[in-house]
Amino acid sequence: ARRENQRLFGELQAAYRHLKDYTFQAEALATAEERLRMVRELHDSLTQTLFSMNLAVQAAQIAAGQDPTQVSGHLRRLQTLSRSAAGEVQTLTGKASAPAVFGDSLPEALKRLVNECQAQGHLPITLKAVGERSLPPAMIANLYHIAQEALNNAAKHAGDCQARLFLNVAEAPAFLEIVDTGCGFDQAEALQSGGIGLESMSERAREIGWELRIESTPGQGTRILVREKQA
């Protein structure tokens, strides 16, 4: 009986050690996932706002030398963006609730996104939406961020170009297409550069059960298609 008790006690100690190891690994995984989520949210929100602030500063500098009467407008835009950045930091750190920025439908959210990009003077954009199918809030948010990332990449890297968004939720599979006429890029080089934009779009598509396809060649523009997976 004593030997059996000792054996059981040894097994209990081993199980306890395994449980501690598992708990430590689970906590480390949760911490890593939260860190990745924070990095992605920073990239999707704050980084884009800072990019717009930089454009506003450049526009103010140009206006100072060409038409000083336009400087105040650019500075007001810069002030609005700085307040937005502060609000985004508070939201990310949990000191403020996330604003309802996506509206009641994906077409409304994309229309708001296009209007914001046009107001910032990033690039000419056209939007066409077909169908009135309602989508879950998480799906709307992720598709919105995919479109946001695609348009900001075009504004930053594609050069003098135009962009087109086409949303079709009238039939299955639903899809969202973002096309720009810019300079394109080498996908292998983009992935090796360590940027998180393309990976973030892929993760967001996977989270909602959609698939993402990117077609781009240097000098020939870029096409991004995110499509609902068929059962």
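**Fold, sheet and cores of the predicted chain**

Among the contacts in the chain with a separation of 6 or more, 67% are between residues 24 or more positions apart. The model behind this figure is a predicted one. Its chain has 231 residues, and 34% of them count as buried. The exposed area of the chain is about 14,200 Å², with 54% of it supplied by carbon and sulfur atoms.

A convenient place to begin is the secondary structure, which comes to 6 helices and 5 strands. Read from the N terminus, the elements follow the order α-α-α-β-α-β-β-α-α-β-β. The 5 strands make up an open sheet with mixed pairing, arranged in the order 1-2-3-5-4. Strand 1 (125-130) and strand 4 are the edge strands, each pairing on one side only. From one strand to the next, the twist averages 10°. As general background, the strands of a sheet pair through backbone hydrogen bonds, in either a parallel or an antiparallel sense. Here, strand 2 and strand 3 take the antiparallel sense, with 6 bridges between them. One detail of strand 3 is that phenylalanine 175 serves as the bridge partner of asparagine 168.

Helices pack against this sheet as well. Helix 3 touches strand 1, strand 2 and strand 3, and its direction makes about 175° with that of strand 1. Helix 6, for its part, lies across strand 4 and strand 5 and runs at about 150° to strand 4.

The loop between strand 2 and strand 3 deserves a closer look, as it holds proline 173. This proline is joined to alanine 172 by a cis peptide bond, with omega at about -5°. For context, most peptide bonds are trans. Phenylalanine 175 also takes part in an aromatic contact: the count of aromatic pairs comes to 1, and that pair is formed by phenylalanine 166 and phenylalanine 175. The arrangement is edge-to-face, with 5.5 Å from centre to centre and 75° between the planes. Both phenylalanine 166 and phenylalanine 175 are buried.

Turning to the interior, the largest nonpolar core has 34 residues, and the members that touch the most others are Ile125, Leu143, Leu151, Leu165, Leu176 and Trp210. Several elements give two or more residues to this core, namely helix 3 (106-119), helix 4 (137-157), strand 2 (163-168), strand 3 (175-180), helix 6 (197-207), strand 4 (210-216) and strand 5 (222-228). Helix 4 provides the largest share, with 9 residues. The surroundings of leucine 151 give a good picture of this core at the residue level. Beyond its neighbours within four places in sequence, leucine 151 is in contact with Leu113, Cys117, Leu123, Ile125, Ala163, Leu165 and Ile178.

There is also a second, separate core of 5 residues, which includes Leu46, Ala56, Leu81 and Ala85. Leucine 81 sits in helix 2 (residues 71-92). With a relative accessibility of 6%, leucine 81 counts as buried, because the cut-off for that class is under 20%. Its C-alpha lies 9.9 Å from that of phenylalanine 51, a residue 30 positions away in sequence.

How values were computed: Residues numbered from 1 in each chain as written. Predicted model: local features only at pLDDT ≥ 70, side-chain atom pairs only at ≥ 80, totals over all residues. Heavy atoms only, no water. Helix = DSSP H or I, 4+ residues; strand = E, 2+ residues; numbered from the N terminus. Buried < 20%, exposed > 50% of the residue type's maximum accessible area, 1.4 Å probe, protein only. Phe/Tyr/Trp six-rings, centres within 6.5 Å; stacked < 30°, edge-to-face > 60°. Core = buried A, V, L, I, M, F, W, Y, C linked by side-chain atoms within 4.5 Å. Contact = heavy atoms within 4.5 Å. Pairing = 2+ DSSP bridges. Axes fitted to C-alpha atoms, helices over the stretch in contact; angles between N-to-C directions. Areas by Shrake-Rupley, 256 points an atom, 1.4 Å probe, with all protein chains shown as cover.
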